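Dear colleague,

I am passing on the structure below, together with some notes on what came out of going through it. Please read the notes with the coordinates open beside you.

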Amino acid sequence: MSAVLTAQEPSAKYLVNLQPPLVRHFDLIAQAPGGVARLRELILTLAVQGKLVPQDPRDEPASELLKKIRAEKDRLIAEGKIKRDKALAEIDDEEKPFELPHGWQWVRLGSVFKLEYGSAMPEKSRLHGDIPVYGSNGIVGFHNESLIQSPSLIVGRKGSVGAVNMSLSAFWPIDTSYFVTPPSGIDLRFSYFLFVSLKLGKHDKATAIPGINRNDVYKEVVALPPESEQSRIVTRVEELMQLCDALEAQGQLEAEQHARLVSTLFSSLLQSDTPEALVNNWQRIATHFDVLLDRPEAVDALEQTILQLAVRGLLVPQDPTDEPANVLLQKIRTEKDHLIAQGKIKRDKPLPPITDKEKPFELPQGWEWVRLGSLGVTQTGGTPASSKPEYFDGNFPFIGPGQITPNGQILSAEKFISELGTLESAVVEPGDILMVCIGGSIGKCAAATFPTAFNQQINSIHPLLLSSEYVLNAMSSIDFTQAVLSAATGSATPIISKGKWDLLLLPLPPRVEQSRIVTRVNELRSLCDDLRQRLEAAQAMQSHLADALVTG
């Protein structure tokens, strides 16, 4: 059998000794969501249960190997080099999870392996060298001397509890880890597979700092194979893990290629000059939707493309009899002045005119580029003073960025404030649009569905004489999101001030066309939701089938 595995070769031939359903459907399992990870787990499970390679009756049984290990321990104890182990309880039948293969032996982990504490090695104390320093989840640096010279395992003791790493050369384990040097007759790589299969993180004591106690680990019941079979198991596992690597790499490559294809083809739709041209371009792509839209992220890309087409005037045809957007803008200004005169809103600062250089693309006839602040009443939120607990002793909802979801929903409030508290914040009504304007979720936006106050990380707009749904669609498009990010300052924590936010551009269609656009967008997004549900159902079915094949 070749030790070099590629994703192009038939995978089943490497699994001739496994369960027949797994042999026949290896690739199907790998393609299921999380399939390769499940295959890796399955391979280790089969390996440590003696189901991966056939037993050889000529092998010296594990019982003899255990006698040798026990004799060596007794010798070291007699010489005073190690302490006598604490006695471990006998293994009863209820603790044996499967039928033991020929020549194998049930043991408690602590009767074979000893977990030793690492030693502190702060970063400031490390000198330049090539000796790896291991923490609880892998290499954390290098030093010029080692603590342990023998090839060993490193097990996470605090932090990444139960994580298992292997060092084939001298190393230094720090005090957040244990190290395990297998005794003579126990293969290091087989030991690694065994420890990984145990999922030692389950012994986490769930304190403020995660940690495991080695005495809990010592109680684990494991099956020990003969020394010769350990070597055969290691060879087979490494072959199969190489195959998993190839399948995983192939899957990643396919995903990247698919994403590029989707991006390229959907971008071509945005090059359409008119809604009529879009129909032709759409039809050309639609014949391949079964290939393009075979994963949720592709449907997300389609939905975003729909929004971009909508705000570029390509989703529905224009009607020359519609009242143009420049007339609508005059009415919005008149309405604003009326509200100012009534004392209902404050007078807004004049916004600069839009130059041709600022306009990112050409708009259809009857449309206008407008600054966000000219479309309605905008405001920034605020948080009532924490020094005044009475501000938080009420029942009026108060939200932050966490209540605005990436898909444009507003979750129920987790905090409530008093009427006095609302005076130190800002309040929106149903239909007003909220947008996160700071941090990693900058650009998330949603329309309010209930009256609520909000904190200073959010800006809002109350559109005047406009379709709130259209404004939300425009603000949810990638064009607007990119404009927000471009105007934001700060690399570690991006933030856009309300002043800059008010200056951002939106494409404004005639009011009647806004309604037609919203209707069409809602129809298409509903189809996208149906498609997602179908894909989720198909993936769930594929996952269930993979599980059935794995456990069959």
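**Helix packing**

Helix H3 (residues 35-48) packs with helix H7 (residues 227-269) at an angle of about 175 degrees, and their axes are 10 Å apart. Because angles over 145 degrees count as roughly antiparallel, H3 is described as roughly antiparallel to H7. On the H3 side the contact is made by Val36, Leu39, Arg40, Ile43, Leu44 and Ala47, while H7 contributes Ile233, Val237, Leu240, Met241, Cys244, Asp245, Leu247 and Glu248. Sorted by class, this contact of H3 with H7 has eleven nonpolar and three charged residues, with no polar ones. Please keep in mind here, and in everything that follows, that this is a predicted model.

**The four-stranded sheet**

Four strands form an open sheet with antiparallel pairing, in the order E2-E8-E5-E6. E2 and strand E6 (164-167) stand at the edges with a single partner strand each, so one side of each is left without a neighbour in the sheet. Helix H5 (residues 188-197) packs on this sheet, where it touches E5, E6 and E8, and the direction of H5 makes about 170 degrees with that of E6.

Within the sheet, strand E2 (residues 116-117) is paired with E8 in the antiparallel sense over two bridges, whereas strand E5 (residues 152-156) is joined to E8 by four bridges, again running antiparallel. Which residues stand opposite Phe179 in E8? From E2 the residue is Glu116, and from E5 the residue is Ile154. Further along the pairing of E5 with E8, Gly156 stands opposite Ser177.

In a regular strand the side chains alternate between the two faces of the sheet. Strand E8 (residues 177-180) can be read in that light, since Ser177 and Phe179 point one way and Tyr178 and Val180 the other way, and all of them are buried.

The loop between E5 and E6 holds Arg157, a residue that counts as buried at 16% relative accessibility. Not counting residues up to four places away in sequence, Arg157 touches Tyr117, Ser136, Asp175, Thr176, Ser177, Tyr178, Pro210, Gly211 and Ile212. For a sense of scale, Arg157 and Ser231 are 74 residues apart in sequence and 28 Å apart in space, C-alpha to C-alpha.

**The three-stranded sheet**

Three strands form another open sheet, in the order E4-E3-E7, and here the pairing is mixed. Strand E4 (138-143) and strand E7 (172-173) stand at its edges, each with a single partner strand, so one side of each has no neighbour in the sheet. Strand E3 (residues 131-135) pairs with E4 in the antiparallel sense over five bridges, and in this pairing Val133 stands opposite Gly141 in E4.

**Aromatic pairs**

The structure holds six aromatic pairs, and I describe two of them here. The rings of Phe98 and Trp106 have centres 4.9 Å apart and planes at 50 degrees, so this pair is tilted. Phe98 counts as buried at 17% relative accessibility, and Trp106 is likewise buried, with a relative accessible area of 12%. Tyr192 and Phe193 form an edge-to-face pair, with 6.0 Å from centre to centre and 65 degrees between the planes. Are the two partners of that pair buried or partly exposed? At 24% relative accessibility Tyr192 counts as partly exposed, whereas Phe193, at 8%, counts as buried.

**Around H13 and H14**

Ser477 lies in the loop between helix H13 (468-476) and H14, and is buried, with a relative accessible area of 1%. Leaving aside its neighbours within four places in sequence, Ser477 is in contact with Gln304, Leu307 and Val311. Leu485 has its place in helix H14 (residues 478-487) and counts as partly exposed at 45% relative accessibility. Between Leu485 and Arg189 there are 49 Å in space, C-alpha to C-alpha, and the two are 296 residues apart in sequence.

With best regards

Definitions and conventions. Residues numbered from 1 in each chain as written. Predicted model: local features only at pLDDT ≥ 70, side-chain atom pairs only at ≥ 80, totals over all residues. Heavy atoms only, no water. Buried < 20%, exposed > 50% of the residue type's maximum accessible area, 1.4 Å probe, protein only. Pairing = 2+ DSSP bridges. Axes fitted to C-alpha atoms, helices over the stretch in contact; angles between N-to-C directions. Parallel < 35°, antiparallel > 145°, perpendicular 65-115°, else oblique. Contact = heavy atoms within 4.5 Å. Nonpolar A, V, L, I, M, F, W, Y, C, P; charged D, E, K, R; others polar. Phe/Tyr/Trp six-rings, centres within 6.5 Å; stacked < 30°, edge-to-face > 60°.
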